[in-house]
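Q: Please take a close look at the salt bridges in this structure, and describe where the paired side chains sit.

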Amino acid sequence: MSVRNERTHNRSGYTGKYDTRPRGGTIAMSSPFAWLADRVAGVTAKHDLLVIVVALLLTGVAGAGVANLDMADQTSIDDEVFNTTEVGDGLQYLDKHYLDNEETAVSSVYVRPEGNVLSRSSLVETLSYQEEVLDNATVTAELTGPRIQGPPTLVGTHLAGDDASVSEQRAAIEAASDDELRAAIAETLGDPVVAGRYLPASYDPGSVTAESMRTQFTFAVASVTQQQEPLPDERAQQALYDAAEDRPALFTLGAVAEADWSEQQIVDVFTLVVPPALLLVVAVLAFAYRDIVDVILGFTGVCVSVLWFFGILGWLGIPAGFASIVGPVLIVALSIDFGLHVFMRHREQRAGGDKVRPAMRRSTASVMVAFLLVAVTAGVGFLANITNPVGFIRAFGLVITLGVLAAVFVFVTLVPALKVRVDTALESRGIDRRKTALGTSGRLGGILGSGVTLARHGALVVVVVSLVVGGAGLLTYDDLDRQGFQQSFVTDDDWQTDLPGPMGWTAHETEFRQNQQYVQANFRSDDDRERRTTFLVRGDATDPRALATIHRGTQAARESEMTFEQGGEVSVISPLSLAVETAVADGDFAALLAGVAETDDQLDSLLSTVAEENPAFAERMAATTPADVDGGLPVVYDALYESREQTGAVLERTADGYESMRLVVPVEQGVDVDDRGEEMHGIADEMATESDDVVPVDFATVANAGLGEIADSIIWTMALAFAGVAVVLAATYRIERGSATLGIVTVVPIVLVVGAVFASMALLGLSLTFITAFLVSITIGLGIDYNIHVSDRFAHELAAGATPVEALSTTVTGTGGALLGSALTSSAAFATLLVHPSIVFQSFGFIVVVALALSFVVSVLVFPSMLLLWARAVHPHQSA
């Protein structure tokens, strides 16, 4: 019998034990993969009830891990990433040479009454609040250093003495006359630096009226967040929050107060994203299956797979955080794909006349190898991030890999067994369960077959054009804008807030968010990491040009919209600012400064410029007789160290002299991290000269530098993922199909897809952040899925005796139909993330939808041409 006749004969009724083909044709069980697939499929089809019971028991065990689920974010990042950058090096230098790091945790309590916050009643009320919280033993035990600082304390101690208790401070304010109280306020709050610490930007230093204020409690550090933010004892934070609850004018912004906002955000995400996601998924599944029973069974498998995923998170003790939203969507996408392949291949078998159980055995066995390959290669793609310095990305790579393996287990055991049990029961009652596989008939089959037509008439042209287009897309990688963060908060102007009923976003309306917005708009941050930027100037600190560098930075800071103004002034701190302030207050220092300037034209020119900007300094210097000084700027610096305690914070003195200096600039709260980093680098650029090295150091510049490094390293992560996937597929196809080159060819289309994703991001102006870079990398794990199904089915059909063109035709109409349903359903699920108000999730949704759509298009239009060229090269004896 000829190969062709044998294949025809087999299609008409072969039911051999080892037949794992969807449409006939014997395949020798020469590989361990095929043997394992046949055994598992046989047990599932024959002992369906037992398989269902065992699978459900295992699901119960896995699902029990949900009880241990930790919803915290795991966002720690290895320090080495930051330390290797210029900004990171600057941070290390500051930590080593400037001893101003606080080992305390500050909790702020804000006061915002109806009227004047500096009124007698408001000050007394705030001190009464302090008395109440000091009755809490934990608060008293944890307070350290300056303990409690704020306008009420400053005014109270001014009136009652530095050692006065809170009760004595309150009594002194109550007893003071109106004139005494106003004088105390004007004197204690007249310093712009002090005013900027406790009062809003609208406050004019020395004024006796203000709209709000804050009091700061200084605690010992009980814990440190993964962002290196020191936190006090949680019980102390709770005590501050509880005491403020009974006072309408007072509020806190700590973790306790934030809890309600966080919970509402979770509720909003589920009500805004989940319902449309479920509706879209069910709608597309209904289109793909056209059968309510299969929709229910497939959806059951999806839900069980997601339960396994969360259970794995819980059992491993890995904080969910980012993974709790992204992970389930990925599992849903792959689970839908698995379900469609199981059901569509079963329908193809039933179309040949097979009964439920034999059809399920052959269909499950035929797709199981592909499923395992998808799981392994997806795992390789995800695990390529295991070297990523971002903690939650490493954890996510591990958990999603285990989640995919769990989904494979569900869809080769539980779902096929349920399908067998349900279909057998329905057919026993006279209900025909034979259905047509998607893509095997009608216009859809013709559309899917267009890739075969292109391959027949111009395979080489298709491959060359696709390689050129994909290569051009990869080149756009260098043109993508790099950012460290993508941040966004919902405001009243966002359309999500206008949706009716429970679907509308409401988290921005919570009391915490309203208070947070007010504080960010009006106060400097109470976190030292956020409230200032340090410009480190390294070079010859005794050269007047270094002070000129500081002066340029000061001017740039005053003109910036991101620096914090108090009473119309930006209160910078630097050796130059301290010298000017000291000269205004101290005539002897002014004479010393003038004497040094007499001998140095550069310093004299700089001081003349400063005098034009500062009338008080100009007046002092005009009235000063220069002293007879032997020496230059080191003499001035020595005098500063003797008279001003702050000098050591901005000027580095060593045994060999003065090595560096810094300019400290206050920054507004709530500024976008990337915008802040860019602005601070811009100021540094204006300061820098050939002789002075200027580095802007704050949490934004450090984070952006490190995260930019992570984003830039994504190309190596992808290269590692591609290499790993190629090796796995080459080895597996060599064992399973006798050709390692087929595994290599299977990887090529996803390279083109990644290039197209980069091009799409460049076209739409999406930035490459460490998050989007990670998302692009996982498209390898998702996109390779389609190619494996196509190449495995193609090789399967070739082994059954089909010619390459016949094998392609069967593949793109059978497997291609399942891929279409998978692409539509998965894209629908991910597309719902586009309605999420966070740019991070919008980017995630866009990138994955584009990747899925392109993966499908490439797999049915471009990949067939690659497979045909491969078949002609490897099997030239077979007719095309």
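A: What follows deals with the salt bridges and then turns briefly to a cavity.

This is a predicted model, in which local features need pLDDT of at least 70 and side-chain atom pairs count only at pLDDT 80 or more, while totals for chains, interfaces and linings use all residues. Residues are numbered from 1 along each chain as its sequence is written, and side-chain values use heavy atoms, with hydrogens and water left out.

The structure holds 28 salt bridges, a salt bridge being a side-chain nitrogen of Lys or Arg within 4 Å of a carboxyl oxygen of Asp or Glu. One of them pairs R433 with D423, whose side chains meet at 2.7 Å, N to O. This pair links distant parts of the chain, 10 residues apart, with R433 in the loop between α17 and α18 (442–448) and D423 in helix α17; helices here are DSSP runs of H or I with at least four residues, numbered from the N terminus. R433 counts as buried because its relative accessibility is 5%, and D423 is likewise buried, with a relative accessible area of 0%. Salt bridges that share partners join D423 and R433 with D291, D294, R347, K419 and K435 into one network. For these classes, buried means under 20% relative accessible area, exposed over 50%, and partly exposed in between, with a 1.4 Å probe and protein chains only.

A salt bridge also joins the side chains of D354 and R362, at 2.4 Å from N to O, and both D354 and R362 are buried.

R120 forms a salt bridge with D178, the closest N and O atoms being 2.7 Å apart. R120 lies in helix α6 (residues 120–134) and D178 in helix α10 (residues 178–188), so this pair ties together parts that are 58 residues apart in sequence. Here R120 is partly exposed, with a relative accessible area of 23%, and D178, at 49% relative accessibility, also counts as partly exposed.

Turning to the cavity, the lining of the second largest one has 11 nonpolar, no polar and no charged residues, where Ala, Val, Leu, Ile, Met, Phe, Trp, Tyr, Cys and Pro count as nonpolar, Asp, Glu, Lys and Arg as charged, and the others, Gly among them, as polar. A cavity is a set of points on a 1 Å grid over the protein atoms alone where a 1.4 Å probe fits but cannot get out, and lining residues have an atom within 4 Å of a point. The largest share of this lining, 4 residues, comes from α27.

Conventions:
Helix = DSSP H or I, 4+ residues; strand = E, 2+ residues; numbered from the N terminus.
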